[in-house]
Amino acid sequence: MRVRTLVAVLALAFAPAATPRLAYAAPPGGPAPTAADLATAKKLFQTGLKLYNEGSYREALASFEKADAIAPRASLQRNIAQCHRDLKEFAEAYDAYGVLLAKFGSSMSAADRRSVMRAIEELGTLTGGVRVTVTEPAATVTIDDRDVGTTPLPAPLRVNLGAHVVTVHKAGLEPIRKEVRLSGGDEVTVGGSMRPEVTTGHLVVNAPPGTKVEVFVDGADVGPAPWEGDVKPGAHVVESKGPGEFSAPRTIEVPRHERIELALELASSAGRVQIDAHIADAAVAIDGKEVGKGVWEGTLPAGEHTLVIEAPGYRPYTRPFLVHAGETFVEDARLESVTGEAPPRYEGLYSGLAFFGFATPTGASNGLAKDCPGAPCTTSSPLGAGLGVRVGYSFGWIAVEGLAFGSYDHSSGTDTYGAGPSGVARDESYEFHRFGGGVAVGARVASKDPHLRFTGALLGGFATMGTIFRQDASTPDGASTSEQTSGTQSYTAPLLAMDAGVLVGWANGAKLHVSLLTMLQFVGGPVYAPGFGTTNLATGTFTSPALSVAQGTQVFLGPMLGFDFGL
């Protein structure tokens, strides 16, 4: 049996050295073992034999290897090979049998040598070979992270079947790494030349097409985007700057040997600037270059700039300012007069009181005027007057304004009737009185000048008006008369008001407001006042039917004179 054969062979392994059958080999580079060494080796052998018989092959192997290190024997080497085989470490067993032949083959019997050769042949089918042909000398070879020698290697390395990782490395050079998979009896070759070690990573920075920005890596300008180059492994801060765009700093981790690509996300690096000098002919200059008169709006690169405003009669206005990317800087400049007077302001609250008179170019719109084709009837166009109050807030050239007004107008008409189906012969005269008011809101524009400003407004709202009329009837000879007055008839209509004129006076003080006012009231269908019914005259009776007091679009046109206060 194998164990008993092993024991029988090893029982005499550590007999006295004088026994001819018990030749031993001295440890490499050392003297022959002493009697004490032999005793220690024998004890280790006995321990290994006991462990082996118990099936503890790993522990038995350790004892045999220690004994072999003290007093090498062919039998110990055979036991080492057998332990590896029992542990299914076929490559190690293959190598151990090879050592057995190399050290002790010359002293072995022919039968023992054949037995070892058969074992090596069997293990050859259970293992594979790795031949390392790397030409770089003194490079360390590892298989599965285990050192197996240094180059040049004189023979292939025996490994177990399956997948393995073979690495050849040396300080200052790039390692050669190869994954291999071996079947029974296979041999693979790992070769090549070793190049100097690469200690950097590769960074690529891209920008959107058409953009012009400089790339900064760790604060250093490395060139325009797109850019790529080698950098040290680790974290790097990448940003970009251009005349109109920039990207915020980003921290990028670049591993050694790897290529990392970064796409820049650009934002505007400019800000908007709004300058208002409140003086029409003031020269506005930025960074020594004139950019406009009175007001200026545009974009500037982010950073510090200098504003200078100059106007005749005013002290120069100078101010440094800072523009932030994506933000708007507003400068509401107030120049100081050389006389010490404050410059005029064109922003803020204002109010006005105005008187206006008006006529209606389209004529009266009451029923009498509409039905009267001419003689023997006559009508007059309404004439009137009113009072308006304005309140607004100016933003410079334009203002938001509200208007409240009251007005009165008068018109008249006459009609002559002969005796007949209409009743008795008579003369009728009418007096129409319209009164009321309204409100409107809209926008006003005005030029900028300290003393003379052109202005105009467009406002919309509604008007509520009441109308009464008086009817006087008399016989042709005047002997009999009748007087009647209607009740108040009201209507509410949409209103559109417009004016255009001038403001004359002092900026930020009282001003005379002279303009032409136009108001449109959109009444629509006729508004009727009830008739008076039957009326008696000395010569007979007649009936006064319902009479319309307004219809269609009412147009009021006339001058407006008032005063403005504030701006």
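This passage looks at one helix and at the empty spaces inside a predicted model.

Helix α4 covers residues 74–86. Its 13 residues reach 18 Å from the first C-alpha to the last, close to the 18 Å expected at 1.5 Å a residue. Most of α4 is covered, with ten of the 13 residues buried. Among the buried ones are Leu 76, Ile 80 and Cys 83, along with Gln 77, His 84 and Asp 86. Just past the helix, Lys 88 takes a positive phi of about 60 degrees.

On to the closed spaces: the count comes to five cavities of 30 Å³ or more. The largest cavity has a volume of about 160 Å³. Its lining is made up of 17 residues, and Tyr 350, Arg 444, Ala 446, Arg 453 and Leu 503 sit nearest the centre. By class, that lining splits into eight nonpolar, four polar and five charged residues. Strands β25, β26, β27, β28 and β31 each put in at least two of them.

The second largest cavity holds about 110 Å³. Of its 16 lining residues, Arg 390, Leu 403, Asp 499, Leu 517 and Met 560 come closest to the centre. Here the lining has eleven nonpolar residues, one polar and four charged. At least two lining residues apiece come from β23, β25, β26, β30 and β31.

As for open spaces, the second largest pocket offers about 350 Å³. It is lined by 23 residues, with Leu 368, Asp 371, Tyr 417, Tyr 430 and Leu 547 closest to its centre. Helix α7 gives two or more residues to this lining, as do strands β26, β27, β28, β33 and β34. The pocket lining counts 13 nonpolar, six polar and four charged residues.

Key: Residues are numbered from 1 along each chain as its sequence is written. This is a predicted model: local features need pLDDT of at least 70, side-chain atom pairs count only at pLDDT 80 or more; totals for chains, interfaces and linings use all residues. Side-chain values use heavy atoms; hydrogens and water are left out. On a 1 Å grid over the protein atoms alone, a cavity is a set of points where a 1.4 Å probe fits but cannot get out, and a pocket is an open set with protein on both sides within 12 Å along at least five of seven lines; lining residues have an atom within 4 Å of a point. Grid points are joined across faces, edges and corners, and a volume is the space filled by probe spheres set on the points. Helices (H or I, at least four residues) and strands (E, at least two) are DSSP runs, numbered from the N terminus. Ala, Val, Leu, Ile, Met, Phe, Trp, Tyr, Cys and Pro count as nonpolar, Asp, Glu, Lys and Arg as charged, and the others, Gly among them, as polar. The expected span of a helix is 1.5 Å times one less than its number of residues. Buried means under 20% relative accessible area, exposed over 50%, partly exposed in between (1.4 Å probe, protein chains only).
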